[in-house]
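Open the model in your viewer and keep the selection box handy. We'll hop from stop to stop, and at each one I'll tell you what to pick and what is there.

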Amino acid sequence: MAGTPGRDPGGGPRIYYLLGSLLAGLLVPGAIAFNLDVMGALRKEGEPGSLFGFSVALHRQLQPQRQSWLLVGAPQALALPGQQANRTGGLFACPLSLEETDCYRVDIDRGADVQKESKENQWLGVSVRSQGPGGKIVTCAHRYEARQRVDQILETRDVIGRCFVLSQDLAIRDELDGGEWKFCEGRPQGHEQFGFCQQGTAAAFSPDSHYLLFGAPGTYNWKGLLFVTNIDSSDPDQLVYKTLDPADRLPGPAGDLALNSYLGFSIDSGKGLVRAEELSFVAGAPRANHKGAVVILRKDSASRLVPEVLLSGERLTSGFGYSLAVADLNSDGWTDLVVGAPYFFERQEELGGAVYVYMNQGGHWAGVSPLRLCGSLDSMFGISLAVLGDLNQDGFPDIAVGAPFDGDGKVFIYHGSSLGVVAKPSQVLEGEAVGIKSFGYSLSGGLDVDGNHYPDLLVGSLADTAVLFRARPVLHVSHKVSILPPTIDLEQPNCAGGHLVCIDLRVCFSYSASPSSYSPVVALDYVLDGDTDRRLRGQVPRVTFLSRSPDDPKHQASGTVWLKHQRDQVCGDTMLQLQENVKDKLRAIVVTLSYSLQTPRLRRQAPGQGLPPVAPILNAHQPSTQRTEIHFLKQGCGEDKICQSNLQLVHARFCARVSDTEFQPLPMDADGTTALFALSGQPVIGLELKVTNLPSNPAQPQADGDDAHEAQLLVTLPASLHYSGVRALDSAEKPLCLSNENASHVECELGNPMKRGAQVTFYLILSTSGITIETTELEVELQLATISEQELHPVSARARVFIELPLSITGVAIPQQLFFSGVVRGESAMRSERDVGSKVKYEVTVSNQGQSLNTLGSAFLNIMWPHEIANGKWLLYPMRVELEGGQGPGQRGLCSPRPNILYLDVDSRDRRRRELGRPEKQEPREQLEPSTSWWPVSSAEKKKNITLDCARGTANCVVFSCPLYSFDRAAVLHVWGRLWNSTFLEEYSAVKSLEVIVRANITVKSSIKNLLLRDASTVIPVMVYLDPVAVVAGGVPWWVILLAVLAGLLVLALLVLLMWKCGFFHRSGQSSSFPTNYHRARLAVQPSAVEAGGPGTVGWDSSSERGTGTPKPPCPSTMR
């Protein structure tokens, strides 16, 4: 391969690492740290406990010699001799060196007059700012005390604060330098005036280097104040401008702030905030209205700073205005505003701290909706802000946001753009990487201190440490890949052997950077990867690089090009060869170029030498890869050389396997799209598939339906199904199907190509071993695939799985006919079950043709027993309920509730009645009222038939439930009962027949949702008739019977009279010639009686005494 090889001893592994890192960088852009150099960060340390790093500033001195300084405030530094204090604070200057402890204390603020001032805890260094290259420096001590009448009763101490202004060489050079910047001195004291002024809490220079700004948040009962004054003694404007007094009332839309607002806690200024090219001043008031506010002010002719715009905070106690910065983030000529609110929090989203970015709308701020950037919970995100300048030289300023309590502290870098701030940080600096806690408490940027024309960033902390991060120059790489020949013609082999196809590749590089004078020698490592898309799919690449190193894989070639200066173009050449018998002739061969900047080896810096230059970096917003496609000359795809296939999956349906090649489709549900699969032990299930490649419109066959190259059917199976095999009705149509290791994914080759007009039908044999009782649905995803031109979408074949319980239930009543008769007796008169009525027995049989129920859930056999009629009178009285089977061998089940609540038996013991559980209240139905009519029953009414059924509401049932814990074949429920005779005599004596319905069913309680019961209920009828013997007695009123008897007697009397009239009762008086001797009584006749012929003589008739009638024949006597 042409070009300059530049490989380390690792060889191949280095290439893989390079390609992997490049791909990872493309997939996760945030993983790339952009151009602030972390590895070469300069660390500076101060005295422990001095709060070295509380404030920081970058400064570049031009006179008397050029030198850059890192200015660090340490407000808790020990006092200097003569300051009459323990800790006064100080300002430290650190040179740009690799030494960590070479900072020195700037010689200011020596001595103290204890009769006028106190410097104890004055916090010198609480703020520090630089005017820029060759400009002045300001640092303040906001807790400086002015004292009066020391050691007297009326002694006063006023925390007025003061500031020091230094020349560019950190010395006091003119009359304006020094520490006499005490604007609150000599003014009315007391906390309601200037007694707690705290001047210098914040300080800044205007961008035109004309004004110096001081914040005094303790003025006017901590309403706050902003001072603005000129720092040039030759300037005609020597006025001191300040914000309004509490008594001032100026009309205007902005209004004023209330007390305790802390105005001046943060300050800045800029042109183009409200009007183009006009300087405006910005001050933060983090406690205004308990939410915080930011005020944009202008000067007026009365030496006042008048508010023009007032921006209020979003949340209570968010500290809106704690920090602020101004910059033209989108480079539209109008200065934008960035405001920090470090105490903002969102409990639900776990956010802590916020930064609001207001994009200036041509000087109009009303209605501007800011972009809110948020940090993590308790991170104090936004406590510090800094404008970095154009960090990556893209033409837009960038900003930095500190979050000192996000872990060990972090600083987030946000780039500007034409649309404003890019919400995703381009780089995140972490305190953990440099070994510092509370990292990011203070920030200073926007100044190039190392001379490479890129602004740098100084980060302070509360850990007595500050760190400088230098910006790395950004390189913009141009690259080009050339291919010859541009397309692959398989019929024109051009390799040296004469039978293969070869392709020449050339890759060329050049770079540009800012500024144009920056022109280092750059080494670029690159990798060419052949047939990338196919390799990423897990397939074998179709090409091999011929000019590659021994360490490179066959499908890759790598190299290094050295670019000596900007615009220098260097190229490398290589050749790839197409493999034999390529099947995929439609998909282009993708060649991917990846490159990276070769990192120079770090050299140990000798003591006393200057800082080593930082290495350049590639532009992170420019892709470092390039895809190039090499296409085949397509054949057999029509005149347009574009294969437009029309693969269609005509149908995919589940089938039951009848034989090796015979399948029967499963039944479908109501919607016609889902098959119904009954789980009954079958080992496999078939999936019938039919695929065609026909023109969609036969009238225009050239539109589509071309050959489908590398036609495939991709099948994804659920966990409950596994691929077992493939069958086809025609062996010639049987496709080649291959599955993965766990048989969950199947690829079936339909042809390469699948010709126009072809169609194929086959069956996938799927094992059902993975289907369990929890399986409710089978869903197979089917995806046709081809490299021809066709848009294909996946389809699904679905089947609903259900478990059919093979339970059947039958019932019989013994006897099937019952009779009622007798007399009506009350319930209290019942002592034995024989007193109730006719006996009946019900037998309900449950058969199980499948597996034991204990694997599926809890089954219950329920019998709906009609124990009373609709009006509440007894109907069938339950005596005994027994379950045989269903509980294990030889066991009898217990059913509930308990029958025989009246305790009826042959015993005479007292029984108490228990209330029977009633089923749910039925809707009111037509009830049978007892017969109370005195009129005789008609024959039509006698023929009336009645059904007593709980389902119809003509009876009320109690449900006896018997658990079927486990049974394999059958279980029998026996229920004995008695027909309540009295109810039928009272209510149904006028009815020809009654049908009493008893129902039984099976219910299953299971967590399995797809259980299905068929034939799980039965109906057992019993016919009840009135006993024929009781029909007359019970059916005819008594007075009808009495009239009938009297009528019969009258007819009999008339008949006797008629017979008498006819002489039927007349008899002859002649004695019989044949006296009867048989059984004749032999009595002794008294002579006197015979002689006299009186009573006592045999044959005596009393009628003769009266002298009437004829003689009667003698009657034999049976008396002795």
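**Stop one: strand 54**

Select Leu676 and Arg800: Arg800, in strand 54, is the bridge partner of Leu676. Before going on, note that this is a predicted model, where local features need pLDDT of at least 70, side-chain atom pairs count only at pLDDT 80 or more, and totals for chains, interfaces and linings use all residues. Residues are numbered from 1 along each chain as its sequence is written, and side-chain values use heavy atoms, with hydrogens and water left out.

Now widen the selection to strand 46 (residues 674-678) and strand 54 (residues 795-805), which pair in the parallel sense over 5 bridges. Strands here are DSSP runs of E with at least two residues, helices are runs of H or I with at least four, and both are numbered from the N terminus. Two strands pair if DSSP finds at least two bridges between them.

Which strand runs antiparallel to strand 54? Pick strand 53 (residues 777-785), joined to strand 54 by 6 bridges. For a pair to zoom in on, try Val780 and its bridge partner in strand 54, Ala797. Then add strand 65 (residues 1011-1013), which runs parallel to strand 54 and is joined to it by 3 bridges. There, Leu805 has Leu1013 as its bridge partner.

**Stop two: a four-stranded sheet**

Next up is an open sheet of 4 strands, in the order 21-22-23-24, with antiparallel pairing. Colour strand 21 (323-327) and strand 24 (371-376): these are the edge strands, each pairing on one side only. Strand 21 pairs with strand 22 (residues 336-346) over 5 bridges, and Ala327 has Asp336 as its bridge partner in strand 22.

Step just past this sheet to Ser379, in the loop between strand 24 and strand 25 (384-389). Is Ser379 buried or exposed? Its relative accessibility is 0%, so Ser379 counts as buried (buried means under 20% relative accessible area, exposed over 50%, partly exposed in between, with a 1.4 Å probe and protein chains only). Show the side chain of Ser379: one of its polar atoms lies 2.7 Å from the backbone oxygen of Ser376. Leaving aside neighbours within four places in sequence, Ser379 is in contact (heavy atoms within 4.5 Å) with Gly352, Ala403, Pro404, Phe405 and Asp406.

**Stop three: salt bridges**

How many salt bridges does a search of the whole structure find? There are 37, each a side-chain nitrogen of Lys or Arg within 4 Å of a carboxyl oxygen of Asp or Glu.

Start with Asp245 and Lys242, whose closest N and O atoms are 2.7 Å apart. Asp245 is partly exposed at 25% relative accessibility, while Lys242 is buried at 17%.

Then select Asp450 and Arg470, which meet at 4.0 Å, N to O. Asp450 sits in the loop between strand 31 (442-447) and strand 32 (456-460), and Arg470 in the loop between strand 33 (465-469) and strand 34 (474-484), so the pair ties together parts 20 residues apart in sequence. Arg470 is buried, at 5%.

Finish with Glu987 and Lys873, at 2.7 Å, N to O. Glu987 belongs to helix 6 (residues 981-987) and Lys873 to the loop between strand 58 (858-869) and strand 59 (876-884), so this salt bridge ties together parts 114 residues apart in sequence. Glu987 is buried at 5% relative accessible area, whereas Lys873 is partly exposed at 28%.

Conventions: Polar contact = N/O pair within 3.5 Å; in protein donor to acceptor, adjacent residues only side chain to side chain.
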